[in-house]
Amino acid sequence: MADTSNCFNGFTFSFDGKSSELFGLYIGWRSANEDWETGLNREIVKSEGNMVRHIPNQYGTKYSDVLVLEFDIFHKDGSAFDYRESRSINNWLMTDTYRRFKVNDNNTDNVYYKAICTGIQDITMGRFSGKHVTMTCDSPFAYMQEIRKVYDTTKTSGGKWKITNLSDDGIYYPQITLV
């Protein structure tokens, strides 16, 4: 059995409503310093300069590209995939439309991605084998499940609420309904 202590973060994941636990798979990295891409790369949207107007107009910024998440999946004990299991994993992950992808991490309970698996490569490190997976998302950011809270204003002191924005770029659309 291979030493897996430097490879695993111990997280399972779900894709298209199916958990990686069904296959005994965990997310890991072959290198200790691989990080998730943030997708926060932006570029300036501006007009062209010309002979009359030397300074171009700036119209704000836009995201440069979508998120591409690359990670490795392994059996927790480091055992190899047999042929039938490998095909089952490939069939599960290779879809032709965006599906919900979620890392089962306590720090990201409500966060998920909409992704297509755009690459699977079998990998081997000595006796240790797994798959390198590339997930291409539909946006430069993750999504968050709707959080719904109901307050009884007759019991709330002063009728004050605090709404905390967890968005990376300050976009938040609370819907407040008074009954």
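In this predicted model, the largest nonpolar core holds 21 residues. Phe13, Ile73, Leu93, Phe101 and Met135 make the most contacts inside that core. Seven elements, tabulated here, each supply at least two of its residues.

| Element | Residues |
|---|---|
| β1 | 13–15 |
| β3 | 25–28 |
| β6 | 68–75 |
| α1 | 83–93 |
| β7 | 99–103 |
| β8 | 111–125 |
| β9 | 128–137 |

Nonpolar side chains tend to be buried together in soluble globular proteins.

**Around Phe13.** Set aside neighbours within four places in sequence. Phenylalanine 13 then contacts Lys18, Ser19, Ser20 and Ile27. Ile73, Trp92 and Leu93 are also among its contacts. So are Phe101, Lys102, Val103 and Asn104.

**β3 and β6.** These two strands run antiparallel and are joined by four bridges. Isoleucine 27 stands opposite isoleucine 73 of β6. Both isoleucines also touch phenylalanine 13. Six of the eight residues of β6 are buried, so the strand is largely enclosed by the rest of the structure.

**Two loops.** Aspartate 16 sits in the loop between β1 and β2 (18–19). Its phi is positive, about 55°, although the residue is not a glycine. Aspartate 16 has 37% relative accessibility, so it counts as partly exposed.

Serine 47 belongs to the loop between β4 (42–46) and β5 (58–63). Its side chain reaches the backbone nitrogen of asparagine 57 at 2.8 Å. Beyond neighbours within four places in sequence, serine 47 is in contact with Pro56, Asn57 and Tyr59.

How values were computed: Residues are numbered from 1 along each chain as its sequence is written. This is a predicted model: local features need pLDDT of at least 70, side-chain atom pairs count only at pLDDT 80 or more; totals for chains, interfaces and linings use all residues. Side-chain values use heavy atoms; hydrogens and water are left out. A nonpolar core is a set of buried Ala, Val, Leu, Ile, Met, Phe, Trp, Tyr and Cys residues joined through side-chain atoms within 4.5 Å. Buried means under 20% relative accessible area, exposed over 50%, partly exposed in between (1.4 Å probe, protein chains only). Contact means heavy atoms within 4.5 Å. Two strands pair if DSSP finds at least two bridges between them. A polar contact is a pair of N or O atoms within 3.5 Å; within protein, one must be able to donate a hydrogen and the other to accept it, and residues adjacent in sequence count only if both atoms are side-chain atoms.
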